[in-house]
Amino acid sequence: MNALEVTNLTKTFEKVIAVDNASFNVPEGSVFGLIGRNGAGKTTTLRMMMNIYQPDSGEIVFKGEKVGQDFKDSVGYLPEERGLYKKMKVIDTLIFLSELKGKSGREITIKAEDYLERFELADRKNSKVEDLSKGNQQKVQFISTILHDPEFLILDEPFAGLDPINTNLLKQIILEMKDEGKVIIFSTHLMDFAEKMCDNIAMIDQGKIILNGKLDEIKKKFANRNVSINYEGDISFLRGNPIIENMEDFGNTTGIKVKKSEQVQELLRSLVEHNVIIKKFNADEISLHEIFVSLAGKEAANV
Amino acid sequence: MFNRRTITIVKRELKAKLFSKTFIIMTLLVPVFIFGLFGIQIFIYSVSEEENPNLLIVSETENISRRLKNEFDEYSEVKSGNYRISYETLDTSAFAERLKGLKADLLSETLTGVVYVPEAALANKNVKYYSPNPSNQALFNKIKPGINKALINIYFEDKKLTREEVDYARNNVDITGYRITKDQKVEEEGVGNLVALFLFSFLLYMALIFSGQTTMHSVVEEKSSRIVEVLLSSVSSTELMAGKIIGVVITEVVQMIIWLLPVILLITTSWFVLPADIIFKLDLNFILYFLFNYTIALFTFVGLFATVGAIFDNPQDAQSGVWPLMILVIFPFLIAISLQSNPQSSVAKITSLLPFTSLLVMPARLTLVQVPTLEVIASVVINLAVLFAIFPLAGKIYRVGIMVTGKKPKWSEVRRWLKIKS
């Protein structure tokens with residue numbers, strides 16, 4: 001069952017096609033990653049999902065209807081570039097933003113105070129936002145994203161610019177929300193994060209969706225011909241070897257793609273023959289990064 | 001458009017604006033500023049008069065000299081010792097010599113000036129003034145009546161006229177304005193209505209410029225602080241814009257009512273008594289009209305200023321982009337102020353019906369003359385029509401502009417935003 005269905009979404013800015021006929025589905029209860037490098041069209045896609053941008057064409061369907069105010073009310077949205085009213089008090093900010101979502105009253109105030117307590121901000125509740133440190137402002141922004149108890153979380157590059165403490169805090173929030181059966185959609189250019197946290201992904205490159213589906217299925221599909229190895233020694237003899245289609249060398253970890261799946265054993269044999277010490281040989285793991293590179297092309301290698 | 005989200009935005013605006021220190025300061029400061037402005041003018045006028053002028057009046061005959069002394073001795077300035085005047089009697093050639101000797105005194109300003117009254121002045125009233133500052137109008141206005149009176153007295157002395165006849169001849173024509181109103185009353189006009197013209201025009205002008213500017217800057221700030229994207233994830237741009245404008249309008253109308261409170265009390269109660277010649281003939285209907293017109297003007301201009309704010313993402317760019325709007329407020333204000341010379345001129349009549357200008361010119365005209373009710377209604381209808389016509393356009397620009405950051409947009413781009421379908 002899909003929570004959200006995105007069909008043929010297109011958005012153009014002054015002759016630049018930001019999002020080009022993008023379609024993907026977000027299943028119920030999933031942690032969904034929208035993955036791509038900077039400028040690929042992630043933020044534009046999320047803004048269209050939030051109805052902040054009007055798509056040129058295409059539609060986003062939520063519970064059988066085009067997204068509208070109902071959807072907005074049920075989403076907690078954390079934009080990439082965060083912002084709050086600088087002169088407003090912390091507690092006023094939280095109550096105001098929650099009221100915009102249609103949740104107000106005593107209950108919300110108590111909940112806001114609970115969150116402030118948990119995030120170690122209880123003593124700052126009457127401070128102005130501008131008097132808080134950047135890290136604490138981010139915490140206030142997280143609280144404002146989840147205070148109204150949204151069904152969906154849409155987070156645009158949520159880990160960008162976070163210190164380690166806040167990164168953990170946000171991960172914790174995401175996992176809690178996941179356990180409560182909520183849908184979490186986030187965009188990132190950090191493949192590692194996506195790989196660890198998502199169960200579904202859509203990969204976007206130059207405005208086009210180049211891959212979409214369950215992460216484990218995608219990995220299975222791409223895994224057969226891919227080998228990742230940890231080693232000591234010299235593997236440069238593999239370059240130009242007829243069984244190798246592609247090789248990505250990170251020093252002592254390497255992702256190798258062979259031309260045919262049965263050539264994996266041949267690869268292992270030749271490594272041993274060349275006195276390379278194999279510490280780990282994983283014939284069915286492929287990193288999301290490798291998948292991305294194989295699809296988006298060489299220039300994506302330094303993402 | 002008017003739903004709980006808009007109301008939430010309005011509430012926040014009121015909290016940030018109406019219940020703020022800035023509101024209290026502005027409410028107190030603007031009247032101080034306006035009265036300060038009038039005060040400075042009066043001050044400049046008063047100090048433009050010569051301080052302790054020291055004059056030498058030279059006449060060609062003894063008789064003229066004596067008569068002049070008689071007249072000037074009556075001056076309060078002379079009695080108080082503020083004006084020092086000495087008298088000499090010299091003929092034209094002797095005077096020329098005397099003047100040479102006085103040159104040093106004149107240049108060192110120990111002597112303010114020398115007045116020469118030749119005998120011929122009895123026929124042609126031509127008098128000469130010698131000074132390093134020979135066009136001192138403030139001084140001339142003071143001494144002319146005295147000289148005139150002396151010359152007239154000598155001229156009519158042997159004409160066997162009674163004092164009444166001489167007084168009659170001497171009197172200037174005095175025009176008293178009477179206001180003809182529809183209800184057949186004929187009322188004597190004082191300067192009170194001119195004071196009202198300046199007061200109401202200044203209030204309108206300053207309040208519009210100030211509220212427009214602050215709204216523009218708060219929109220720019222929402223954009224640059226990125227709070228706007230958070231807001232738009234909950235509300236539509238129309239709701240956001242409407243909430244913001246309504247918040248500002250309520251704040252400003254409340255402020256205007258506070259400013260007008262003394263005027264309202266003056267009209268409705270007898271707590272204060274003004275000197276007869278500065279009482280103004282305005283009634284409560286005018287105040288109500290003024291507030292209603294002000295509300296329309298606020299919606300129009302605050303909406304436009306907010307739109308300009310949405311186009312730019314930093315205060316400098318916004319300030320340089322707002323000049324067409326500023327002209328739209330300043331130009332009608334200048335017309336309104338110039339109405340004092342003739343509030344019924346064709347310029348006055350036309351601009352009090354045109355969109356934008358009528359927002360300032362019509363109330364200004366109403367302080368001076370009775371404008372046919374139909375014209376007042378027409379101006380209100382025109383302004384409302386313009387308001388409803390520009391709001392969808394402003395909303396479109398706002399909707400696109402509010403999410404555009406980075407490069408300063410060109411006007412041609414802004415025009416294209418208007419074509420984007422919603």
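Contact here means heavy atoms within 4.5 Å. Keep that in mind for the close-ups below, which all come from a predicted model.

**View 1. Here is B:Thr27 with its surroundings in helix α2 of chain B.** The helix that holds B:Thr27 covers residues 21-47. Is B:Thr27 buried or exposed? Its relative accessibility is 9%, so B:Thr27 counts as buried, the cut-off for that label being under 20%. Which residues does B:Thr27 touch, once neighbours within four places in sequence are set aside? They are B:Gln255, B:Ile258 and B:Trp259.

**View 2. This one shows an open sheet of four strands in chain B.** Read across the sheet and the order is β2-β1-β3-β4, with mixed pairing. The edge strands are β2 (84-89) and β4 (128-130), and each of them pairs on one side only. Going from one strand to the next, the twist averages 20°.

**View 3. Now we zoom in on β3 of chain B and its two pairings.** Strand β3 spans residues 113-117 and pairs with β1 (residues 54-59) in the parallel sense, over five bridges. One pair to look for is B:Val58 with its bridge partner in β3(B), B:Tyr116. With β4(B), β3(B) pairs in the antiparallel sense, this time over three bridges. B:Tyr116 turns up here too, standing opposite B:Lys128 of β4(B).

Which way do the residues of β3(B) point? B:Gly113, B:Val115 and B:Val117 go one way, while B:Val114 and B:Tyr116 go the other. Why is β3(B) described as largely enclosed by the rest of the structure? Because five of its five residues are buried.

**View 4. Helices α3 and α5 of chain B join the picture of that sheet.** Helix α3 takes in residues 62-73 and lies across β1, β2 and β3 of chain B. Compare its direction with that of β2(B) and you get about 165°. Helix α5 (residues 92-107) packs on the sheet as well, touching β1, β2, β3 and β4 of chain B. The direction of α5(B) makes about 170° with that of β3(B).

**View 5. Two helices of chain B, α12 and α14, cross each other here.** Helix α12 runs over residues 284-311 and helix α14 over residues 323-338. Their axes come within 10 Å and cross at roughly 160°. That makes α12(B) roughly antiparallel to α14(B), since angles over 145 degrees get that label. As for handedness, α12(B) passes α14(B) in a left-handed crossing. On the α12(B) side, the contact is made by B:Phe301, B:Leu304, B:Phe305 and B:Val308. On the α14(B) side, look for B:Leu325, B:Met326, B:Leu328 and B:Val329. How do the residues of this contact divide? Eight are nonpolar, with no polar and no charged ones in the contact of α12(B) with α14(B).

**View 6. Helices α16 and α17 of chain B pack together in this close-up.** You can find α16 at residues 357-368 and α17 at residues 373-401. Their axes are 10 Å apart, at an angle of about 160°. The two helices, α16(B) and α17(B), are therefore roughly antiparallel to each other. The way α16(B) passes α17(B) is a left-handed crossing. From α16(B), B:Ser358, B:Leu359, B:Met362, B:Arg365 and B:Leu366 make the contact. Their counterparts from α17(B) are B:Glu375, B:Val376, B:Ser379 and B:Asn383. Sort the residues of this contact and you get four nonpolar, three polar and two charged.

**View 7. We finish in chain A, with an open sheet of four strands.** The order is β12-β13-β11-β14, and the pairing is antiparallel. Which strands stand at the edges? They are β12 (244-249) and β14 (277-282), each with a single partner strand, so one side of each is left without a neighbour in the sheet. On average, neighbouring strands of this sheet are turned by 25° against each other, direction ignored. Strands β11 (residues 226-232) and β13 (residues 253-258) of chain A run antiparallel and are joined by five bridges. A:Asn226, for instance, has A:Lys257 in β13(A) as its bridge partner. Helix α9 (residues 263-273) packs on the sheet, where it touches β11, β12, β13 and β14 of chain A. Its direction makes about 165° with that of β14(A).

Conventions. Residues are numbered from 1 along each chain as its sequence is written. Chains are lettered from A and ligands numbered from 1 in the order in which they are written. This is a predicted model: local features need pLDDT of at least 70, side-chain atom pairs count only at pLDDT 80 or more; totals for chains, interfaces and linings use all residues. Side-chain values use heavy atoms; hydrogens and water are left out. Axes are lines fitted to C-alpha atoms, for helices over the stretch in contact, and angles run from 0 to 180 degrees between N-to-C directions. Angles under 35 degrees count as roughly parallel, over 145 as roughly antiparallel, 65 to 115 as roughly perpendicular and the rest as oblique. A crossing is left-handed if the near helix is turned anticlockwise from the far one by less than a right angle, and right-handed if clockwise. Ala, Val, Leu, Ile, Met, Phe, Trp, Tyr, Cys and Pro count as nonpolar, Asp, Glu, Lys and Arg as charged, and the others, Gly among them, as polar. Two strands pair if DSSP finds at least two bridges between them. Buried means under 20% relative accessible area, exposed over 50%, partly exposed in between (1.4 Å probe, protein chains only).
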